[in-house]
Amino acid sequence: MHKFLIIQTAFTGDVVLATALIEKLHARFPDARIDFLLRKGNEGLLKEHPYITNMLIWDKKNGKNKNLMKLAMRVRREKYTHVINPHRFATSGIITLFSGAGYKAGFDKNPLSFCYTKKVQHHLSEPYSHNPVHETERNNLLISEITDNSKSFPKLYPSPADYELVKQYQAEPYICIAPSSVWFTKQFPASKWISLINELPAGYRIFLIGAPTDKELADGILTGSSNKNVQNLCGKLNFLQSAALMQQAVMNYTNDSAPLHFATAMNAPVTAVFCSTVPAFGFGPLRDNARLVEITERLACRPCGLHGHRQCPEKHFRCAMDITNQQLLWWTSNKI
């Protein structure tokens, strides 16, 4: 029997995108065992996943290297037939190297890619490419020879309890806004969110969603807005509850960040705001009910990096500030 291990110990959004691999492998090998290795803190994403047998969790904050070696030894004992590693850094390469799997697939950018039996180029499209390669497509190349080349979408599985919990917020039509990002230059400014909220059509409740660490930002947006239908839910919903809430929203607004991929995984309508980064990197929305919003002018300084910066290197942050409410309100005159 095939026994798969998928390794993705990067950010939350990367784990969500890697769930497309789970869907593809299960469709091709419905009786196979599929395990997933991820960093501590992201395990809530997959706790209800029907196709995952075991989650292996790496605690990076407490005894990082010691825990890494324990995981590597456990992986070797499990005798996986296939290890699929879309993570591009040495730590996951070590686990892959010592796995003993007959099929070891990963990207050439991993320093230990010499040990892979299938090595794939991790190619980023040109910044303003009209047909950029998406990260899910790159990931799919790792398993294309044992499955096929067809597309597969990420998918999350909130539990019945998750759906029941968010019912209290669904009595009337609503909009979700995930205002935060790890990186400042990937985050639409609070003043711009406030301006948008003040222009949203009447009759919608507006929920600000995110982690507990986003509460202060969301409080500032709430108090700065003149719209009285805004509620701060940051820290009140876990990953899957947030995804469940987003699924039935009239519209979801996100940055180039994990909630964008939540929307994709739930096939929920989304308007994704790209500031310093560009969609050609391969992390844009995938569904037909999505819209990507970015500055219309091609700035010489954009993109300024793959992940963003703590502040705008040019001090003007035009890639965010020049986005208009008209761009963001596209859906109000169109049917989703």
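**Helix packing and nonpolar cores in the predicted model**

In a left-handed crossing, H1 passes H9. The model described here is a predicted one. The axes of H1 and H9 lie 8 Å apart and make an angle of about 20 degrees, and the two helices are therefore roughly parallel to each other. On the H1 side the contact is made by Thr12, Gly13, Val16 and Leu17, and on the H9 side by Ala258, His261, Phe262 and Ala265. Sorted by class, this contact of H1 with H9 has five nonpolar and three polar residues, with no charged ones.

H9 itself is mostly covered, with eight of its eight residues buried. These residues are Ala258, Pro259, Leu260, His261, Phe262, Ala263, Thr264 and Ala265. H1, H8, E10 and E11 are included in what covers them. After H9 comes asparagine 267, whose phi is positive, near 50 degrees.

H8, one of the elements that cover H9, makes a good next stop. Seven of the nine residues of H8 are buried, so this helix is largely enclosed by the rest of the structure. The buried residues are Leu240, Gln241, Ser242, Ala243, Ala244, Leu245 and Met246. They pack against a mixed set of helices and strands: helix H5 (160-166), E7, strand E8 (205-208), strand E10 (251-255) and H9.

The surroundings of H8 also take in a loop residue. Glycine 44 sits in the loop between E2 and strand E3 (55-58). At 26% relative accessibility, glycine 44 counts as partly exposed. Once neighbours within four places in sequence are left aside, glycine 44 is in contact with Phe239 and Leu240. The C-alpha atoms of glycine 44 and phenylalanine 239 are separated by 6.6 Å, although their positions lie 195 residues apart along the chain.

Attention now turns to the nonpolar cores. In soluble globular proteins, nonpolar side chains tend to be buried together. In this model the largest nonpolar core has 51 residues, and those with the most contacts inside it are Ile6, Leu25, Phe36, Ile84, Leu156, Ile209 and Leu245. Two or more residues of this core come from each of strand E1 (3-7), helix H1 (12-28), strand E2 (33-39), strand E5 (103-107), strand E7 (174-177), helix H8 (239-247), helix H9 (258-265) and strand E11 (270-273). H1 gives the largest share, six residues. Apart from this core lies another, of 31 residues, among them Phe188, Ile295, Leu299 and Trp331.

Two residues of the 51-residue core, Ile6 and Leu156, can be followed in more detail. Isoleucine 6 lies in strand E1 and, at 0% relative accessibility, counts as buried. Residues up to four places away in sequence not being counted, isoleucine 6 touches Leu21, Ile22, Leu25, Ile34, Asp35, Phe36, Leu37, Ile84 and Pro86. Its C-alpha atom and that of asparagine 85 are separated by 5.8 Å, with the two residues 79 apart along the chain. Leucine 156, with its neighbours within four places in sequence left aside, is in contact with Val16, Leu45, Leu240, Ala243, Phe262, Ala265 and Met266. Among these partners, Val16, Phe262 and Ala265 also take part in the contact between H1 and H9, while Leu240 and Ala243 are buried residues of H8.

Two further helix pairs complete the account. Helix H2 (residues 64-78) and helix H3 (residues 90-97) pack with their axes 8 Å apart, at an angle of about 30 degrees; H2 and H3 are therefore roughly parallel to each other. H2 passes H3 in a right-handed crossing. Here Leu68, Ala72 and Val75 of H2 meet Thr91, Ile94 and Ile95 of H3, giving a contact with five nonpolar residues, one polar residue and no charged residues.

For helix H6 (residues 190-199) and helix H7 (residues 215-224), the packing angle is about 40 degrees and the axes are 9 Å apart. H6 and H7 are therefore oblique to each other, and H6 passes H7 in a right-handed crossing. Ala190, Trp193, Ile194 and Ile197 of H6 meet Leu217, Gly220, Ile221 and Gly224 of H7. By class, six nonpolar and two polar residues make up the contact of H6 with H7, and no charged ones.

Methods:
Residues are numbered from 1 along each chain as its sequence is written. This is a predicted model: local features need pLDDT of at least 70, side-chain atom pairs count only at pLDDT 80 or more; totals for chains, interfaces and linings use all residues. Side-chain values use heavy atoms; hydrogens and water are left out. Axes are lines fitted to C-alpha atoms, for helices over the stretch in contact, and angles run from 0 to 180 degrees between N-to-C directions. Helices (H or I, at least four residues) and strands (E, at least two) are DSSP runs, numbered from the N terminus. Angles under 35 degrees count as roughly parallel, over 145 as roughly antiparallel, 65 to 115 as roughly perpendicular and the rest as oblique. A crossing is left-handed if the near helix is turned anticlockwise from the far one by less than a right angle, and right-handed if clockwise. Contact means heavy atoms within 4.5 Å. Ala, Val, Leu, Ile, Met, Phe, Trp, Tyr, Cys and Pro count as nonpolar, Asp, Glu, Lys and Arg as charged, and the others, Gly among them, as polar. A nonpolar core is a set of buried Ala, Val, Leu, Ile, Met, Phe, Trp, Tyr and Cys residues joined through side-chain atoms within 4.5 Å. Buried means under 20% relative accessible area, exposed over 50%, partly exposed in between (1.4 Å probe, protein chains only).
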